[in-house]
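Trainee: I should like to work through this entry step by step, with the reasoning behind each answer. May we begin with the sequence and the model side by side?

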Amino acid sequence: MSRPPLYLIFLLIFFILCGQSHSSRFASISSSSDLVSDGVNELQETPYLRLNSLESVSAPEESCEESYGFLPCTTSALGNLFLIIVYGYLMFLAAKYLSTGSELLLEILGPGIVGGLFLPALGALPDAMLILVSGLAGSAEVAQSQVSVGMGLLAGSTVMLLTLIWGTCVIVGKCDLQDSVAIDLQDTKGFSLTESGVSTDIWTSYAARIMVISVVPFLVVQLPQLLNSTSGRHLAVLIALIISVSMFIIYCLYQVFQPWIQRRKLAFVKHKHVIFGLLKHLKQQALGRLLTESGEPDREIIEKLFSRIDANKNGLLSASELRALIVGIQFEAIDLDHDDAVNKILSDFDTSRDNHVDSTEFANGIIRWLAQVQGARTGRADDGPHTLKYLHNFHQETKREHDLLDVGEQNDEVVEGVEESKGVLIRAILFLLLGTAIAAAFADPLVDVVHNFSNATSIPAFFISFIALPLATNSSEAVSAIIFASRDKRKTASLTFSELYGAVTMNNVLCLSVFLALVYLRGLVWNFSSEVLVILVVTMIMGLLGSFRTAFPLWTALVALLLYPLSLVLVYVLDYVFGWS
């Protein structure tokens with residue numbers, strides 16, 4: 001999507017401000033329609049008798065307060081709807097500019113500290129600002145009435161990400177499912193509910209589990225309501241705030257160290273590939289069986305293998321001899337560096353640490369590897385002719401682990417040229433500053449018009465913010481996620497769903513921390529049981545689904561999409577039928 005020119009934004013703001021001056025003129029002129037001459041004094045300053053219209057009798061005249069003293073306001077439903085659209089679009093631009101600046105900054109500085117600490121907070125900045133201003137305005141009574149806008153945004157963002165966007169990504173990214181794995185770019189099953197869908201890597205499941213854990217502060221703050229206690233509510237808010245802030249810090253640290261953790265686990269799986277490749281190669285040398293008839297390792301055969309590999313017949317295998325062995329082995333499914341494979345063998349076999357492997361070390365190392373492979377297989381311990389069978393099973397399991405962990409090559413690209421790097425950095429900073437400025441400037445007016453629209457239509461502010469505001473703050477993220485998922489590849493699906501789970505986690509730790517801080521510091525009443533229940537239900541269902549599955553057929557998309565209207569119905573029934581609020 002191309003970015004709209006900046007001058008269009010300022011023209012739009014200019015026309016809004018111009019409309020404000022005309023609105024006051026129209027209000028004064030239209031008032032004359034309800035005036036009738038008294039027929040006596042035509043020259044007096046007030047020569048009319050005022051007749052109350054039916055509209056003025058049925059409803060008292062209301063006034064609105066201009067944001068910053070000059071931005072337009074209105075008490076009509078259509079006028080406020082128009083302002084919601086305008087301010088919502090500006091918040092959409094803010095989120096878009098923050099996202100663009102974050103991507104540019106990540107490209108320059110890499111994942112590390114910037115990707116782990118700085119960028120997750122920037123992604124949630126528009127939501128956090130809207131939540132913040134919803135509870136700052138006016139007295140405590142005014143803040144209590146407007147803070148429902150912040151809760152509506154918090155719940156709406158979470159529910160929309162995990163239902164509408166999640167389900168849409170499954171539909172647009174569907175491929176044929178075979179053995180619970182999506183076949184890239186192959187979509188021949190149509191809209192089969194069980195044989196068509198998407199699959200993800202194991203890291204996506206980890207992200208889903210982290211998202212489930214992030215709902216703990218919601219449970220803590222709801223404890224007094226669950227126990228029907230009124231004395232400990234303020235304390236529960238404080239405890240939930242401390243937990244939420246702590247989880248935000250821990251999550252950011254996890255984001256910082258996640259690339260290191262991922263590389264460690266991926267290296268372990270590659271090590272298992274080396275085990276499989278070497279054992280399979282030795283078995284195929286036609287020197288006999290690796291196992292005896294009883295299923296035990298055959299030391300005699302292993303020693304013969306050692307003699308064959310020992311080219312200079314000195315009783316020791318050097319790194320060069322091991323490398324000559326590795327070169328002749330075909331490692332399937334991975335691009336393994338030969339020197340790296342040699343180092344892995346030396347690390348496992350060379351117990352004396354003299355950079356050589358003698359016959360005893362070689363035999364003991366092969367026996368340990370065989371025991372590891374046998375421990376991974378199913379069925380009884382068969383001997384030689386079936387050695388390849390359990391090696392094959394071990395290979396299939398290792399290949400599956402590698403596929404689950406390998407989310408794609410993450411090359412550390414170096415920006416060519418100092419000038420180019422500086423230019424990209426300046427662009428990134430400008431985008432971030434512009435996005436932050438727009439979000440800070442129009443968050444308060446947007447909250448005001450939502451409240452005014454609620455008064456004009458008698459629709460609860462929660463439902464307006466639940467439906468409308470997430471469309472503004474999450475539209476850019478939603479569009480990019482759907483486009484990315486539509487590439488019909490497993491790796492892109494993994495990244496898409498990981499980002500959705502991460503966005504919800506930031507809602508549950510950062511945005512909730514802002515909300516809890518408002519409630520605690522301003523002495524507001526926590527009365528959002530139905531809203532919290534909706535967040536818990538949707539997060540737990542979708543989180544557990546993502547935690548224990550890596551394949552998502554189309555029926556899971558239907559479940560996700562149905563959860564959105566059910567969430568609205570649940571809040572309405574609990575608040576307005578059972579009177580929870």
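Trainee: Which residue forms a salt bridge with Glu195, and how far apart are the closest N and O atoms?
Mentor: A salt bridge requires a side-chain nitrogen of Lys or Arg within 4 Å of a carboxyl oxygen of Asp or Glu. In this predicted model, Glu195 meets that condition with Lys189, the closest N and O atoms being 3.8 Å apart.

Trainee: What is the mean pLDDT of the protein, and what percentage of its residues reach 70 or more?
Mentor: This is a predicted model, in which local features need pLDDT (the predictor's confidence in each residue, from 0 to 100) of at least 70 and side-chain atom pairs count only at pLDDT 80 or more, whereas totals for chains, interfaces and linings use all residues. Residues are numbered from 1 along each chain as its sequence is written, and side-chain values use heavy atoms, with hydrogens and water left out. The mean pLDDT of the protein is 77, and the percentage of residues that reach 70 or more is 72%.

Trainee: How many contacts beyond near neighbours in sequence does the stretch 376–386 have, and how many does 407–418 have?
Mentor: A contact means heavy atoms within 4.5 Å. The pLDDT is below 50 over residues 376–386, a stretch with 14 such contacts in the model. Over residues 407–418 the pLDDT is also below 50, and the number of such contacts there is eight.

Trainee: Are Glu195 and Lys189 buried, partly exposed or exposed?
Mentor: The classes rest on relative accessible area: buried is under 20%, exposed is over 50%, and partly exposed lies in between (1.4 Å probe, protein chains only). Glu195 has 40% and Lys189 has 39%. Each value therefore falls in the middle class, and both residues count as partly exposed.

Trainee: With which residue does Asp187 form a salt bridge, and is that partner buried or exposed?
Mentor: The closest N and O atoms of Asp187 and Lys174 are 2.7 Å apart. This pair links distant parts of the chain, with Asp187 in the loop between S4 and strand S5 (196–199) and Lys174 in the loop between helix H6 (140–172) and S3, 13 residues apart; helices (H or I, at least four residues) and strands (E, at least two) are DSSP runs numbered from the N terminus. Asp187 is partly exposed at 37% relative accessibility. The partner has a relative accessible area of 7%, so the answer is Lys174, which is buried.

Trainee: In which helix do Glu300 and Lys304 lie?
Mentor: Their side chains meet in a salt bridge of 4.0 Å, N to O. The two residues are four apart, about one turn of the helix, and that helix, residues 299–309, is H10.

Trainee: Why does Ser547 count as buried?
Mentor: Ser547 is found in helix H19 (residues 529–547), and its side chain reaches the backbone oxygen of Gly543 at 2.6 Å. Not counting residues up to four places away in sequence, Ser547 touches Ser205, Ala208, Arg209 and Val212. Ser547 counts as buried because its relative accessible area is 3%.

Trainee: Which residue shares a polar contact with the side chain of Thr204?
Mentor: Thr204 is in helix H7 (residues 202–213) and is buried, at 1% relative accessibility. A polar contact is a pair of N or O atoms within 3.5 Å; within protein, one must be able to donate a hydrogen and the other to accept it, and residues adjacent in sequence count only if both atoms are side-chain atoms. Among the residues that Thr204 touches are Ser494, Phe497 and Tyr501. The side-chain contact, at 3.1 Å, is with Ser498.

Trainee: What is the phi of Asp179, and why does its sign deserve notice?
Mentor: Most residues other than glycine have a negative phi. Asp179 lies in the loop between strand S3 (175–178) and strand S4 (181–182) and is exposed, with a relative accessible area of 68%. Although Asp179 is not a glycine, its phi is positive, at about 55°.
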